[in-house]
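Dear colleague,

I am passing on to you the structure we spoke about, with the sequence alongside. Please look through it first, and then read the notes below, which set out what was found.

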Amino acid sequence: MWPSILVLAQTRLDMRTPSYMRSSGTPGGSEATLGWWLIAVSLAVIVVMAVLVLWASLRNRGADSDPNNAASIDRGRGRTEWHIASGVNWIYIGSAITIVILIVAFGGTLAVISSASHAPTKPPITLNITAHQWWWEVQVNDSVPSNTFETANEIHVPVGVPVRVRLQSADVIHSFWVPELAGKMDVIPGQVNEMWLRADHVGIYRGQCAEFCGLQHAHMALAVIAQSPADYAAWAGQQRSAGVAPAPNTVASAGKQVFVASCGACHAVQGTDALGRLGPDLTHLASRLTIAAGLVDNTTPNLVQWVHNAQSMKPGVLMPKMDIPMSDVKSVVAYLQTLR
Ligand code: CUA
């Protein structure tokens with residue numbers, strides 16, 4: 001376990017801890033504002049109540065209360081009646097203030113829930129996301145069916161454009177959460193849950209599975225990369241393009257043969273005989289920031305270790321320790337790095 005935790009700390013996705021209270025998008029922004037307001041109102045109520053209780057307990061210290069003095073008893077009786085009348089008034093005032101605060105908080109919550117459930121304009125992009133133990137399959141849908149493509153563990157979105165997210169699970173219950181952009185949505189087997197999100201600023205946002213789903217739940221992250229619309233279009237165009245086959249008689253072309261024979265039953269690379277559906281689609285793997293669902297950066301040593309023995313990095317993952325010589329592992333990695 002320790003080595004994987006240590007390398008996780010070096011991942012680009014982990015440079016900044018995401019906080020739902022520091023939002024960079026919608027509907028996360030309105031949810032964060034509501035959260036801050038509810039905290040402020042609750043704190044104000046606590047402070048006011050504490051001051052009142054303190055004031056009431058200190059106010060009548062040393063009152064006249066000698067039980068053997070008839071005059072004192074009379075005075076005491078009058079004081080008690082006045083106290084009861086004034087106390088009842090305070091109950092009315094307190095109840096009225098409480099009701100107003102609760103109604104305002106309820107109204108604000110309803111408004112935020114409403115804005116979170118409906119995008120302001122029809123989202124032009126739909127992401128079909130399927131959660132697996134422990135990675136995210138992403139299908140980017142287009143109104144032109146031939147423009148649809150697949151990727152994994154990485155979502156690109158154009159800044160300022162609402163994106164529809166349709167969530168389903170291939171196995172157990174997961175939860176899709178990009179704290180800085182939107183609230184959580186459970187991902188439930190046999191059901192499609194829908195949400196939407198919009199990034200307001202260019203940047204890389206960490207998404208995280210937020211429902212315990214097994215041993216590697218904590219290592220089920222995804223990168224959300226918000227780009228300018230022009231950069232997004234360039235990325236999408238490149239993802240739609242077929243991969244370029246490596247030049248013949250190179251290390252990469254030898255690696256391609258090993259890959260198709262040893263990895264192609266589980267992984268797909270479009271345009272080759274590798275058509276597996278069990279693991280992530282690797283058609284443009286080299287263009288991704290991380291591997292293994294945000295576990296480590298997409299670097300040569302990490303790829304070599306992953307292809308050689310994924311279990312040493314992410315124990316319990318479906319990918320077995322590969323029974324191929326290290327020279328073949330290196331040529332497979334050389335091939336994977338051509339998949340831009
Ligand atoms: Cu998937 Cu936790």
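Please bear in mind throughout that this is a predicted model. I begin with a single residue, His284, which is found in the loop between helix H5 (251-262) and strand S12 (290-291). Because its relative accessibility is 1%, His284 counts as buried, and, leaving aside its neighbours within four places in sequence, it is in contact with Gln238, Gln239, Ser241, Leu339 and Arg340.

As for the chain overall, its secondary structure comes to seven helices and 13 strands, and buried residues make up 39% of its 340 residues. Of the contacts between residues at least 6 apart in sequence, 61% join residues at least 24 apart. The chain exposes about 18200 Å², of which carbon and sulfur atoms supply 65%.

Two of the helices are worth setting side by side. Helix H2 (residues 28-59) has 32 residues, which at 1.5 Å a residue should span 46 Å, and this agrees with the 46 Å between its end C-alpha atoms. The buried residues of H2 are Gly28, Ala32, Leu34 and Gly35. Helix H6 (residues 300-313), on the other hand, spans only 15 Å between its end C-alpha atoms, where a straight helix of 14 residues would span 20 Å. In H6 there is a bend of about 85 degrees at Val307, and Val307 is itself one of the buried residues of this helix, the others being Asn302, Leu303, Val304, Trp306, Asn309, Ala310 and Met313.

Turning to the interior, the largest nonpolar core has 32 residues, and those with the most contacts inside it are Leu127, Ile129, Trp136, Ile155, Val157, Val165 and Phe176. Among the elements that give two or more residues to this core are strand S2 (125-132), strand S3 (135-141), strand S5 (154-158) and helix H4 (229-240), and S2 supplies the largest share, four residues. To take one member, Ile155, leaving aside its neighbours within four places in sequence, is in contact with Leu127, Ile129, Val138, Phe176, Leu222, Ala223, Val224 and Ile225. Apart from this core lies another, of 27 residues, including Val258, Cys263, Ala274 and Val333. As general background, nonpolar side chains in soluble globular proteins tend to be buried together.

Finally, the aromatic pairs come to a count of five. In one of them, the rings of Tyr20 and Trp177 have their centres 6.4 Å apart and their planes at 40 degrees, so the pair is tilted. Since Tyr20 lies in the loop between helix H1 (2-8) and strand S1 (25-26), and Trp177 in strand S7 (residues 174-177), the pair ties together parts that are 157 residues apart in sequence. Tyr20 counts as partly exposed because its relative accessibility is 48%. The rings of Phe259 and Tyr335 also form a tilted pair, with their centres 5.6 Å apart and their planes at 55 degrees. That pair links distant parts of the chain, with Phe259 in helix H5 and Tyr335 in helix H7 (residues 326-336), 76 residues apart, and both Phe259 and Tyr335 are buried. In addition, Phe149, Tyr232 and Trp235 form one aromatic cluster.

With best wishes

Terms used
Residues numbered from 1 in each chain as written. Predicted model: local features only at pLDDT ≥ 70, side-chain atom pairs only at ≥ 80, totals over all residues. Heavy atoms only, no water. Buried < 20%, exposed > 50% of the residue type's maximum accessible area, 1.4 Å probe, protein only. Contact = heavy atoms within 4.5 Å. Expected span 1.5 Å × (residues − 1). Bend = angle between axes of the 7 residues up to and from the residue. Areas by Shrake-Rupley, 256 points an atom, 1.4 Å probe, with all protein chains shown as cover. Core = buried A, V, L, I, M, F, W, Y, C linked by side-chain atoms within 4.5 Å. Phe/Tyr/Trp six-rings, centres within 6.5 Å; stacked < 30°, edge-to-face > 60°.
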